Amino acid sequence: MVLALSSDEVGAKSVSHFVYLISGKNRTADLVSLLEVENPDTAIIFCKTKAETEQVAKELQRLGFNADWINGDLPQRDREAVLGKSRTGELRFLVATDVAARGIDISHITHVINYNFPESTEQYVHRAGRTGRAGRTGAALSLIGPTDIGHLYYLRLQYKIFPVERSLPTQREWKTRKELDRLDLVDALTQVPIKEIDRAVASRILNHPESLRYVSAMVASLFGGMEQDVDEMARGSRIERVAAPSKEAQESNPNVRQRENATSGKKEHNRNSDEVKRRESPKVVHVHDEQNTLLYLNVGKRDGFDVKKVLTLLKEHVDLPAAEKLQIKLRDRYSFIELPASLSDSVIESLNGLAFGDLSLKIEVAKKV
């Protein structure tokens with residue numbers, strides 16, 4: 001008797017399998033933690049329902065992840081646009097239902113993530129077979145809640161696939177990560193010229209019996225009134241780094257290389273013209289209140305900016321009181337800075353027209369829509 005294996009089963013057995021045991025109370029938050037821990041280059045995230053695909057993708061987008069969704073309710077034109085971005089490497093995380101993902105041919109996917117663990121073992125194998133193609137390595141990651149344990153058991157029993165169990169970071173580990181995020185913010189906020197006397201005083205502080213109290217007070221003064229927002233800003237800065245596809249991932253995608261080669265053949269004056277048009281057309285999606293003002297800045301993630309870099313820009317060129325609160329939201333092509341209305345004029349005056357590398361900064365009060 002000859003045992004024949006399906007192509008899906010062969011593919012599934014060639015990838016690595018991991019499961020994360022969760023409570024199931026906040027699955028989307030657990031997914032975000034998984035993405036931060038695993039940092040996959042590209043992934044298809046499988047959901048059980050159409051509503052979940054949109055909900056999950058929108059939450060990932062809100063947090064700064066490069067994600068989009070497809071399901072049976074998405075118009076064909078929009079579906080092709082999303083899949084086109086996936087194939088060319090412009091989209092990192094594709095959130096989909098099983099039905100919507102049928103027939104998709106995206107060979108460079110490095111991870112399959114089961115937001116909902118499938119009830120059918122065949123369905124799991126089919127999903128897992130979408131990664132690790134063309135001789136590449138791949139991984140299947142699954143969130144396992146209490147109701148999923150039985151389906152995991154049948155997967156082990158029927159297909160002899162034994163996923164390795166992993167754990168999401170504990171509260172203590174998240175505390176450590178939060179501290180490191182704040183340390184990164186300190187680095188961003190202290191990129192200023194240092195005099196010899198500054199170093200001498202710092203040396204004396206480090207050797208003083210009250211050194212910990214002195215440094216703690218300096219950190220508190222540095223963050224000032226940002227206490228409510230500093231952790232969100234620091235975490236957002238890290239997610240900006242996690243959310244962007246790695247250079248290696250983009251280079252491994254032949255579609256990206258083809259697109260870059262084609263782009264390099266365009267004339268320089270056309271690129272400059274497109275850049276000017278792009279930067280003069282803000283897309284406003286937020287309205288400020290009477291106490292705060294929302295400013296539009298014409299640079300974003302595609303220009304290499306993250307939260308830390310915007311903070312550094314403000315620190316270097318604007319005399320902002322330490323106690324004032326700021327909120328920074330980055331998009332691909334532009335950013336928003338929300339700050340007290342009394343400071344908006346000085347920020348605009350200091351940054352508008354400022355040369356930053358090859359860019360000329362444009363900052364203005366965001367218009368209502």
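Helices and strands here are DSSP runs, numbered from the N terminus. With that in hand, the names α7 and β7 will guide you to proline 163, which sits in the loop between α7 and β7 (164-166). Keep in mind throughout that this is a predicted model.

**The whole chain**

Start with everything shown as a cartoon. The secondary structure comes to 16 helices and 13 strands. Now colour by burial: of the 369 residues in the chain, 44% are buried. Among contacts with a separation of 6 or more, 76% are between residues 24 or more positions apart.

**Stop one: helix α7 and its inner face**

Select residues 149-159, which form helix α7, and show the side chains of Leu152, Leu155 and Tyr159, the buried residues of this helix. Turn the view until you look down the axis of α7: the buried residues fall within an arc of 70°, so they line one face of the helix. The background is simple: an α-helix has 3.6 residues a turn, so residues three or four places apart point the same way.

Just after α7, click on lysine 160, where phi is positive, near 55°.

**Stop two: α6 against α7**

Add residues 121-128, helix α6, whose axis comes within 9 Å of the axis of α7 and crosses that axis at roughly 75°. The pair α6 and α7 therefore counts as roughly perpendicular. To see the contact, show Thr121, Glu122, Tyr124 and Val125 from α6, together with His151, Tyr154, Leu155, Gln158 and Tyr159 from α7. By type, this contact has five nonpolar residues, three polar and one charged.

**Stop three: proline 163**

Return to the loop between α7 and β7 and select proline 163. Is proline 163 buried or exposed? Its relative accessibility is 7%, and because buried means under 20%, proline 163 counts as buried. Leaving aside residues up to four places away in sequence, show what proline 163 touches: His17, Phe18, Val19, Tyr124, Leu152, Leu155 and Arg156. For a distance to check in your viewer, pick the C-alpha atoms of proline 163 and alanine 140; they are 8.7 Å apart, with the two positions 23 residues apart in sequence numbering.

**Stop four: the largest nonpolar core**

In soluble globular proteins, nonpolar side chains tend to be buried together. Here the largest nonpolar core holds 40 residues, and Leu31, Leu60, Ile70 and Leu94 touch the most other members. Centre on leucine 60 and show Leu31, Val32, Leu35, Ile45, Phe65, Ala67 and Val95, which leucine 60 touches when residues up to four places away in sequence are not counted.

One of these partners, valine 32, lies in helix α2 (residues 27-38). With a relative accessibility of 4%, valine 32 counts as buried. Valine 32 and leucine 60 are 28 residues apart along the chain, yet their C-alpha atoms are separated by 7.5 Å.

A second, separate core has 26 residues, including Phe223, Leu313, Leu314 and Leu326.

**Last stop: α15 and α16**

Select helix α15 (residues 307-317) and helix α16 (residues 344-351), whose axes come within 10 Å and cross at roughly 90°. What is the orientation of α15 and α16 to each other? They are therefore roughly perpendicular. Show Leu313, Leu314 and His317 of α15 with Val347, Ser350 and Leu351 of α16 to see the residues that make the contact. Four of them are nonpolar, two are polar and none is charged. Leu313 and Leu314 also belong to the second core from the previous stop.

Terms used: Residues numbered from 1 in each chain as written. Predicted model: local features only at pLDDT ≥ 70, side-chain atom pairs only at ≥ 80, totals over all residues. Heavy atoms only, no water. Axes fitted to C-alpha atoms, helices over the stretch in contact; angles between N-to-C directions. Helix = DSSP H or I, 4+ residues; strand = E, 2+ residues; numbered from the N terminus. Parallel < 35°, antiparallel > 145°, perpendicular 65-115°, else oblique. Contact = heavy atoms within 4.5 Å. Nonpolar A, V, L, I, M, F, W, Y, C, P; charged D, E, K, R; others polar. Core = buried A, V, L, I, M, F, W, Y, C linked by side-chain atoms within 4.5 Å. Buried < 20%, exposed > 50% of the residue type's maximum accessible area, 1.4 Å probe, protein only. Arc of directions from axis to C-beta.
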